[in-house]
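Thanks for making time for this. I have one structure to go through, and I will put it on the screen before I say anything about it.

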Amino acid sequence: MNKKIEDRLKEIAAPITLLIGKVREGDDDAREELWKIFFPLLKQKADSCLRGNNVAAVMNPSDLVQDASLVLLKHEEIGWNDRAHLYAFAATVMRHIIIDRARKHLAKNRIQLPIDELTGEQTPHDSSVLEIDEILDQLRAPAGKETAL
């Protein structure tokens, strides 16, 4: 964990744990105060997660914090035991968001070819039957003996 974040967490550990308890009891003022304290920590964590990471080109720290905040608020009714539990859950949520975003980015760059239902082979969209037949002949030819196209 980043030393700066670790020091800040130690400094505010008791208030966060106290606020989490009050939020569990339904105190809306405590909820607001908890997020005022915790939101900057999320921002620092997002910065450290994305620093030196290839996903940084696809996502910025503000997007990551916003997405993570939505997930954390959605799961608020589950409750957290203390600030360490909340922070660990937030870190896990951020990691999942980064992985999902990276997978989506990679999937967009992947060429998708339809699969011929009879042969199970992938076929280009605009290939004629003759072109596919020629490709299959080339694949069947022994190494070093290529057929002319």
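I will start with the fold, then go through the core, the aromatic pairs and the salt bridges.

Please keep in mind that this is a predicted model. The protein chain has 5 helices and 0 strands, and in sequence order the pattern is α-α-α-α-α. The chain has 149 residues, of which 26% count as buried. About 10,400 Å² of the chain is exposed, with 54% of that area supplied by carbon and sulfur atoms. If we take contacts between residues at least 6 apart in sequence, 54% of them join residues at least 24 apart.

Now the core. The largest nonpolar core contains 26 residues. Ile-16, Leu-34, Phe-38, Leu-42, Leu-64, Leu-72 and Leu-86 are the ones with the most contacts inside it. At least two residues of this core come from each of helix 1, helix 2, helix 3 and helix 4. Which helix gives the largest share? That is helix 2, with 9 residues.

Two of those core residues can be looked at in turn. Leu-34, with neighbours up to four places away in sequence set aside, is in contact with Ile-16, Leu-19, Ile-20, Val-23 and Leu-86. Phe-38 is in helix 2 and counts as buried, because its relative accessibility is 0% and the limit for buried is under 20%. Again not counting residues up to four places away, Phe-38 touches Ile-16, Leu-86, Tyr-87 and Ala-90. So Ile-16 and Leu-86 appear in the contact lists of both Leu-34 and Phe-38. For a distance across the chain, the C-alpha atoms of Phe-38 and Ser-69 are 10.0 Å apart, with their positions 31 residues apart in sequence.

Further along helix 2 we find Gln-44. Gln-44 is partly exposed, at 22% relative accessibility. Its C-alpha atom is 8.6 Å from that of Pro-61, which is 17 residues away along the chain.

Next, the aromatic residues. The whole structure has 4 aromatic pairs. Trp-35 and Phe-38 make an edge-to-face pair, because their planes are at 80°, with the ring centres 6.0 Å apart. These two residues are 3 apart in helix 2, which puts about one helical turn between them. Are they buried or exposed? Both Trp-35 and Phe-38 are buried.

A second pair, Trp-80 with Phe-89, is tilted, at 6.2 Å between centres and 50° between planes. Here the partners fall in separate classes of accessibility: Trp-80 is buried at 4%, whereas Phe-89 is partly exposed at 26%. Ring pairs join Trp-35, Phe-38, Trp-80, Tyr-87 and Phe-89 into a cluster.

Trp-35 also brings us to a charged residue. The side chains of Trp-35 and Glu-76 share a polar contact of 3.1 Å. Where is Glu-76? It lies in the loop between helix 3 and helix 4, and it is buried, with a relative accessible area of 13%. Beyond its neighbours within four places in sequence, Glu-76 is in contact with Val-23, Arg-31 and Trp-35.

That leads to the salt bridges, of which the structure has 5. Glu-76 and Arg-31 form one of them, with the closest N and O atoms 2.5 Å apart. Arg-31 is in helix 2 and Glu-76 is in the loop, so the bridge ties together parts that are 45 residues apart in sequence. Arg-31 also forms a salt bridge with Asp-28, where the closest N and O atoms are 2.5 Å apart. This one is local: Arg-31 and Asp-28 are 3 residues apart in helix 2, about one helical turn. As for accessibility, Arg-31 is partly exposed at 23% and Asp-28 is exposed at 52%.

Another salt bridge joins Asp-67 and Arg-101, at 3.0 Å between the closest N and O atoms. Asp-67 is in helix 3 and Arg-101 in helix 4, 34 residues apart, so this pair links distant parts of the chain. Both ends are partly exposed, with 23% for Asp-67 and 24% for Arg-101. Going back to the earlier bridges, shared partners join Asp-28, Arg-31 and Glu-76 into one network.

That is what I had; I am happy to go back to any part of it.

Terms used:
Residues are numbered from 1 along each chain as its sequence is written. This is a predicted model: local features need pLDDT of at least 70, side-chain atom pairs count only at pLDDT 80 or more; totals for chains, interfaces and linings use all residues. Side-chain values use heavy atoms; hydrogens and water are left out. Rings of Phe, Tyr and Trp (its six-membered ring) pair if their centres lie within 6.5 Å; planes under 30 degrees apart count as stacked, over 60 as edge-to-face and the rest as tilted. Helices (H or I, at least four residues) and strands (E, at least two) are DSSP runs, numbered from the N terminus. Buried means under 20% relative accessible area, exposed over 50%, partly exposed in between (1.4 Å probe, protein chains only). A polar contact is a pair of N or O atoms within 3.5 Å; within protein, one must be able to donate a hydrogen and the other to accept it, and residues adjacent in sequence count only if both atoms are side-chain atoms. Contact means heavy atoms within 4.5 Å. Accessible areas come from the Shrake-Rupley method with a 1.4 Å probe; for residues, only the protein chains shown count as cover. A nonpolar core is a set of buried Ala, Val, Leu, Ile, Met, Phe, Trp, Tyr and Cys residues joined through side-chain atoms within 4.5 Å. A salt bridge is a side-chain nitrogen of Lys or Arg within 4 Å of a carboxyl oxygen of Asp or Glu.
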